[in-house]
Amino acid sequence: MFAPKDLLKFVLLYLASRGPVTGTEVLRWVQANTLEQWRPSPGSVYPLLRRLQEKGLVRGLQQGKGRAYIATRAGLLELAKESEPPRVRRQLTLLSLYLRLLGPAYQDLAGLLERKAEELKAQK
């Protein structure tokens, strides 16, 4: 499945901003919220959680036999940056390109995303 760059990082920070979350919970959440169309592997999730912790974006907590992660202040700030119009516009533009490449059946949806991206451009 096509996933914009840094989508997994965004998902991890989003979930960690809502409270402590384990890697297993992240995997289950992604599958449930993408109708099981995206299944990141544990080999993607756990190393990324460690990198986010090394960068000070999440803090690890001992939870039973495993670890849970919660967003730090720096992590919350990084998450807020992702909702800024230029970043959202970039993701919409990439997704519209992907849809256009899929063919005529997706042109209307691609056009809708492009119009939304243009609206965001005006919000600079």
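# Exercises on a predicted chain

Buried residues account for 32% of the chain's 124 residues. The model is a predicted one, and the exercises below work through its architecture, its cores and several individual residues.

## Exercise 1. The overall layout

Determine how many helices and strands the chain has, and in which order the elements run.

Solution. Step one is to count the elements: the chain has six helices and two strands. Step two is to read them from the N terminus, which gives the order α-α-α-β-β-α-α-α. Step three adds the extent of the chain, whose C-alpha trace spans about 50 × 30 × 20 Å along its principal axes. Step four turns to contacts between residues at least 6 apart in sequence: of these, 49% join residues at least 24 apart.

## Exercise 2. Surface and charge

State what area the chain exposes and how far apart the mean positions of its positive and negative charges are.

Solution. The exposed area is about 8,200 Å². Carbon and sulfur atoms supply 55% of that area. For the charges, the chain carries 21 positive and 11 negative ones, and their mean positions lie 6 Å apart.

## Exercise 3. Helix α1 and its partners

Identify which residues of helix α1 are buried and which elements they pack against.

Solution. Helix α1 covers residues 7–17. Its buried residues are L8, K9, V11, L12, L13, L15 and A16. These pack against two helices that follow, α2 (23–33) and α3 (42–54), as well as against β1 (58–63), β2 (66–71) and α4 (73–82). A final step looks past the end of the helix: α1 is followed by G19, which has a positive phi near 140°.

## Exercise 4. The nonpolar cores

Find which residues touch the most other members of the largest nonpolar core, and which element gives the most to it.

Solution. The largest nonpolar core has 20 residues, and those touching the most other members are L8, L12, V26, V45, L52 and V58. At least two residues of this core come from each of α1, α2, α3 and β2. Helix α1 gives the most, with six residues. Apart from this core lies another, of six residues, including L92, A110, L113 and A117. To see the surroundings of one member of the largest core, take L8: beyond its neighbours within four places in sequence, L8 is in contact with W38, P40, S44, V45 and L48.

## Exercise 5. The aromatic pair

Classify the aromatic pair of the structure and state which helices hold its two residues.

Solution. The structure holds one aromatic pair. The ring centres of Y14 and W29 are 6.0 Å apart and the ring planes stand at 50°, so the pair is tilted. The supporting cut-offs are that planes under 30 degrees apart count as stacked and those over 60 as edge-to-face, the rest being tilted. Y14 belongs to helix α1 and W29 to helix α2, so the pair ties together parts 15 residues apart in sequence. Both accessibilities can then be read: Y14 is partly exposed at 30%, and W29 is partly exposed at 29%.

## Exercise 6. E78: buried or exposed?

Decide whether E78 counts as buried or exposed, and name its contacts.

Solution. E78 is located in helix α4. Its relative accessibility is 15%. Buried means under 20%, so E78 counts as buried. Setting aside neighbours within four places in sequence, its contacts are K9, L13, L57 and R87. One of these, K9, is among the buried residues of helix α1, as is L13.

## Exercise 7. The loop between α2 and α3

Establish what the phi values of L35 and E36 are, and how accessible each residue is.

Solution. L35 is in the loop between α2 and α3, and E36 lies in that loop too. Phi of L35 is positive, near 50°, in a residue other than glycine. Phi of E36 is likewise positive, near 60°, and E36 is also a residue other than glycine. With a relative accessibility of 71%, L35 counts as exposed. E36, at 44%, counts as partly exposed.

The last step links the loop to helix α2, where Q31 is found. Q31 is partly exposed, its relative accessible area being 25%. Outside its neighbours within four places in sequence, Q31 is in contact with E36, W38 and R39.

Technical notes:
Residues are numbered from 1 along each chain as its sequence is written. This is a predicted model: local features need pLDDT of at least 70, side-chain atom pairs count only at pLDDT 80 or more; totals for chains, interfaces and linings use all residues. Side-chain values use heavy atoms; hydrogens and water are left out. Helices (H or I, at least four residues) and strands (E, at least two) are DSSP runs, numbered from the N terminus. Buried means under 20% relative accessible area, exposed over 50%, partly exposed in between (1.4 Å probe, protein chains only). Contact means heavy atoms within 4.5 Å. Accessible areas come from the Shrake-Rupley method with a 1.4 Å probe; for residues, only the protein chains shown count as cover. Lys and Arg count as positive and Asp and Glu as negative; His and the chain ends are not counted. The place of a charge is taken as NZ of Lys, CZ of Arg, CG of Asp or CD of Glu. Rings of Phe, Tyr and Trp (its six-membered ring) pair if their centres lie within 6.5 Å; planes under 30 degrees apart count as stacked, over 60 as edge-to-face and the rest as tilted. A nonpolar core is a set of buried Ala, Val, Leu, Ile, Met, Phe, Trp, Tyr and Cys residues joined through side-chain atoms within 4.5 Å.
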